Amino acid sequence: MAKSRIKTEFKVNQQIVYPSQGVGKITEIFEKEFNGETVAYYKIYLEVSDMIVMVPVNNAKELGIRAIVEAAEAKKALNMLSEDFEPITSDWKLRYQMNLELLKKGSIADIAQIVRCLYNRSKVKELPIQERKLYDSAKKLLEDEISFALGKSAKDIEAMIHEKLEPPGAAQKVKHIIAQDDDDDDDFDMGDEEEDKKRRRSRDDDDDDDDSDEETESLDDTEEDFDEDDDYE
């Protein structure tokens, strides 16, 4: 493939962040014909998913693709994890959409905000499955970017993130979360509860039927005994 002749923001072998996908590396910049026009593409290798994606150069900014931050900004994002923040909604669907939008914007501060929000929410109540996946994705993205920015292993960064979220001896920060009304969260699991209720009702109905059969058999036995006494007389 022909090497691109146009000026691009990123270079080959540069580490970048693709917010919805993870930290990646530009392995090639090339041009190809598309609908009669020559279009420049980035070929990006994403280690977390072991996948290669091709992104048009002109669409990269719209997709939130950006360079790895400098060390100072990475440290600032780490410190955000232990900062106070505004109360968050107990409506998990609204909360999910808000955090999903932050992930699409993709700045390291946005990603740190998602991790902080959902980690503290999980201390109040277990996260729904979709939110748990969003939390895991954001946390992994944060770990990888800070790892590259600070030149430390992902394992070391994971420990640093946990220490920021749970400072030794610090009180839990659940006081920052308005979560008394959890009806919206409960709706997420109502299906399982309804199934349990149906099963319990079904078992109760079966037990009632068994009791009814036993009572009928008992009456039949009594009638037979009564007839035998008449014959004897």
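Contact here means heavy atoms within 4.5 Å. Keep that in mind as you work through these exercises on a predicted model.

**Exercise 1. Getting your bearings**

Find how many helices and strands the chain has, and the order in which they run.

*Solution.* Start with the count: the chain has seven helices and five strands. Next, read from the N terminus on: the order is β-β-β-β-β-α-α-α-α-α-α-α. Then look at burial: 34% of the 233 residues count as buried. Finally, take the contacts with a separation of 6 or more: residues 24 or more positions apart account for 62% of them.

**Exercise 2. The two sides of α1**

Work out which residues of helix α1 are buried, and what they pack against.

*Solution.* Step one is to locate the helix, which spans residues 71–80. Within α1, the buried residues are A74, A77, L78 and M80. Step two is to ask where they sit around the axis: their arc is only 155°, so they are on the same side of α1. A general rule helps here: an α-helix has 3.6 residues a turn, so residues three or four places apart point the same way. Step three is to turn to the other side of α1, where A72 and K76 are exposed. Last, follow the buried residues to their partners: they pack against α3 (108–124), α4 (129–150) and α5 (154–165).

**Exercise 3. How α1 meets α3**

Describe how the axes of α1 and α3 are arranged, and name the residues that meet.

*Solution.* Begin with the axes, which come within 9 Å and cross at roughly 20°. Angles under 35 degrees count as roughly parallel, and therefore α1 and α3 are roughly parallel to each other. Their crossing is right-handed. Now list the residues: α1 brings E73, A74, A77 and M80, while α3 brings I108, A109, A112, Q113 and R116. Sorted by class, this contact has six nonpolar, one polar and two charged residues.

**Exercise 4. How α3 meets α4**

Repeat the analysis for α3 and α4: at what angle do the axes cross, and which residues meet?

*Solution.* The axes of α3 and α4 come within 9 Å and cross at roughly 135°. For the label, check the cut-offs: roughly antiparallel needs an angle over 145, and roughly perpendicular covers 65 to 115. The pair α3 and α4 is therefore oblique. The crossing of these two helices is left-handed. From α3, the residues are I108, I111, A112, I114, V115, L118 and Y119. They meet E131, L134, Y135, A138, K139, L141, L142, E145 and I146 in α4. By class, the contact of α3 with α4 has 13 nonpolar, no polar and three charged residues.

**Exercise 5. Two charged residues, two settings**

Decide for R66 and for E86 whether each is buried or exposed.

*Solution.* Take R66 first: it belongs to strand β5 (residues 66–67). Buried means under 20% relative accessible area, and R66 is buried because its value is 16%. Leaving aside neighbours within four places in sequence, R66 is in contact with F10, I16, V17, G106, S107, I108, I111 and E145. Two of these, I108 and I111, also appeared among the α3 residues that meet α4.

Now take E86, in the loop between α1 and α2 (92–105). Exposed means over 50%, so E86, at 63% relative accessibility, counts as exposed. To finish, compare sequence with space: E86 and C117 are 31 residues apart in sequence, and 9.5 Å apart from C-alpha to C-alpha.

Key. Residues numbered from 1 in each chain as written. Predicted model: local features only at pLDDT ≥ 70, side-chain atom pairs only at ≥ 80, totals over all residues. Heavy atoms only, no water. Buried < 20%, exposed > 50% of the residue type's maximum accessible area, 1.4 Å probe, protein only. Helix = DSSP H or I, 4+ residues; strand = E, 2+ residues; numbered from the N terminus. Arc of directions from axis to C-beta. Axes fitted to C-alpha atoms, helices over the stretch in contact; angles between N-to-C directions. Left-handed = near helix turned anticlockwise from the far one by under 90°. Nonpolar A, V, L, I, M, F, W, Y, C, P; charged D, E, K, R; others polar.
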